[in-house]
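Open the model in your viewer and show it as a cartoon. Keep the selection box ready for the stops below.

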Amino acid sequence: MRRLIVFFGTLLLSACEGRQSVLYPAGRDAQDVLALIWLMFGGAVLLWFLLGVIFVYVTRVKPREMPRRWGEALIIGGGVIFPVILLGALLTYSLPMMKPQRAAEEGLKAHITAEQWWWRVEYELPDGRRITSANELRLPTGRRTGLVLNAHKVIHAFWVPALGGKVDMIPGRETYLSFLPEEPGIYRGQCAEFCGASHALMAFETVVMTPENYEAWLKAEAADAAKPASGEAYRGAEVFAREGCGGCHTVRGTQAQGQVGPDLTHVGSRKSLGAGILAMSEDDLSRFIAHTEEIKPEVAMPGYDHLTPDDLRALAAYLKGLT
Ligand code: CUA
């Protein structure tokens, strides 16, 4: 009994965290989803209760045979007419909700491509130019951002429970979702379709900002990478070049123009590392670079554990300085 209490108590407590929960909506679309959840849940409880009452009545209170006419009326009424009315009403209520959530043509636009196991994020500017980033999505409050979703190699699913619904990401086929965030904050997103060994390690942060902060951030994100600001960071840039990191990663404004892995132009300003699994700190950066495959099984990047601790520290200082 005590174990049960601890188990369910922990479950309840863990549900209190609002960063990744449909129960704590931070945007218009998630509010709609939550309203639908409560409506369905309330309806299900009501129906369950009603059936219980009928069951007790016919088996315990008045267990007698029913006239054939009554039985037929019960089957046609309760089995055909009632569900048609109920499901019809539910459809009428819920179908229009899908339309704004699927919109891709209005307002701001971002393209998100699911890779194994990280997220390629491209912000489309009004002139059609794209700013590439990775593993973090930034959105302004009060404006709808259309998300164009795609995947490379296998199917993934895009889900930020606090902001809206969930949509599959399918190789070779665009799908759409859009968010209208209302509360600034940081909300966790998670890949919601099994996509290989590191599926559970494929997360990201969605940073919702005021429109002014968002505009300022987007301007900074569009700029080229910062130059190394210390001797150590400068040495780190040399290690980065020497080890051929630029063959897979882009750091805009430098020779590194690789397209295989995440864009690192402003990696140091992101909230997390490795697609939502580590802190953005120099310690975690050098740990991730040295032991990539151990931390994220079957990922394409090999671990660089042949680097000396000094080289790793310098590389981490360089990357952390790319804000
Ligand atoms: Cu990507 Cu699961």
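The tour starts with the whole chain, then goes to single residues, pockets and a cavity.

**Whole chain**

Remember that this is a predicted model. Colour by secondary structure: the protein has 8 helices and 12 strands. The radius of gyration is 26 Å, well over the 20 Å that the globule rule gives for 323 residues, so the protein is more spread out than a compact globule. Rotate the C-alpha trace along its principal axes, where the spans are about 90 × 55 × 35 Å.

Now think about packing. Buried residues account for 40% of the 323 residues. Of the contacts with a separation of 6 or more, 63% link residues 24 or more positions apart.

**Stop 1: Ala44**

Select residues 28-61. This is helix H2, and Ala44 sits in it. Is Ala44 buried, exposed or partly exposed? Its relative accessibility is 46%, so Ala44 counts as partly exposed, the class between 20% and 50%. Next, draw a distance from Ala44 to Ser178. The two are 134 residues apart along the chain, and their C-alpha atoms are separated by 29 Å.

**Stop 2: Thr113 and strand E1**

Select residues 108-115 for strand E1, then pick out Thr113 within it. Thr113 has 16% relative accessibility and counts as buried, because the cut-off is under 20%. Which residues touch Thr113, leaving aside its neighbours within four places in sequence? Show Trp118, Trp119, Arg120, Asn150, Ala151, His152 and Met169 as sticks. Then add Val148. Thr113 and Val148 are 35 residues apart in sequence, with their C-alpha atoms 8.4 Å apart in space.

**Stop 3: a cis peptide bond**

Move along to Gln116 and Trp117. What kind of peptide bond joins Gln116 and Trp117? The bond is cis, with omega about 0°. Trp117 lies in the loop between E1 and strand E2, residues 118-124.

**Stop 4: two positive phi angles**

Select Asn135. It is not a glycine, yet its phi is positive, about 60°. Asn135 belongs to the loop between strand E3 (130-134) and E4. At 7% relative accessibility, Asn135 is buried.

Go on to Ala275. Here phi is near 65°, again a positive value in a residue other than glycine. Ala275 is in the loop between E11 and strand E12 (278-279). Its relative accessibility is 0%, so Ala275 counts as buried.

**Stop 5: the cysteines**

Select Cys191 and Cys195. Cys191 is buried, at 2% relative accessibility. Cys195 is buried too, at 4%. How many disulfides does the model have? The count is 0.

**Stop 6: the largest pocket**

Switch on the surface. The largest pocket has a volume of about 780 Å³. It is lined by 35 residues; Trp118, His249, Gly261, Pro262 and Met301 are the closest to its centre. Three elements give two or more residues to this lining: strand E11 (272-273), helix H6 (282-290) and helix H8 (309-320). Colour H6 on its own: it gives the most, with 3 residues. By class, the lining of the largest pocket has 21 nonpolar, 9 polar and 5 charged residues. Trp118 was also shown at Stop 2, as a contact of Thr113.

**Stop 7: the second largest pocket**

This pocket has a volume of about 310 Å³. Select Ala237, Ala241, Thr254, Gln255 and Tyr318, which lie nearest its centre among 18 lining residues. Then colour residues 231-242. This is helix H5, which supplies the largest share of the lining, 5 residues. The lining of the second largest pocket divides into 10 nonpolar, 5 polar and 3 charged residues.

**Stop 8: the cavity**

Finish inside the protein. How many cavities of 30 Å³ or more are there? The count is 1. About 40 Å³ of space lies in the largest cavity. Select its lining: Tyr123, Ser133, Glu136, Arg138, Trp217, Glu221, Ser269 and Arg270. Strand E4 (136-140) and helix H4 (211-222) each give two or more residues to that lining. By class, the lining of the largest cavity has 2 nonpolar, 2 polar and 4 charged residues.

Notes. Residues numbered from 1 in each chain as written. Predicted model: local features only at pLDDT ≥ 70, side-chain atom pairs only at ≥ 80, totals over all residues. Heavy atoms only, no water. 1 Å grid on protein atoms, 1.4 Å probe; cavity = no way out; pocket = protein on both sides within 12 Å on 5 of 7 lines; lining within 4 Å. Points joined across faces, edges and corners; volume = space filled by probe spheres on them. Helix = DSSP H or I, 4+ residues; strand = E, 2+ residues; numbered from the N terminus. Nonpolar A, V, L, I, M, F, W, Y, C, P; charged D, E, K, R; others polar. Disulfide = S-S within 2.5 Å. Buried < 20%, exposed > 50% of the residue type's maximum accessible area, 1.4 Å probe, protein only. Rg over C-alpha atoms; globule rule 2.2 N^0.38 Å. Contact = heavy atoms within 4.5 Å.
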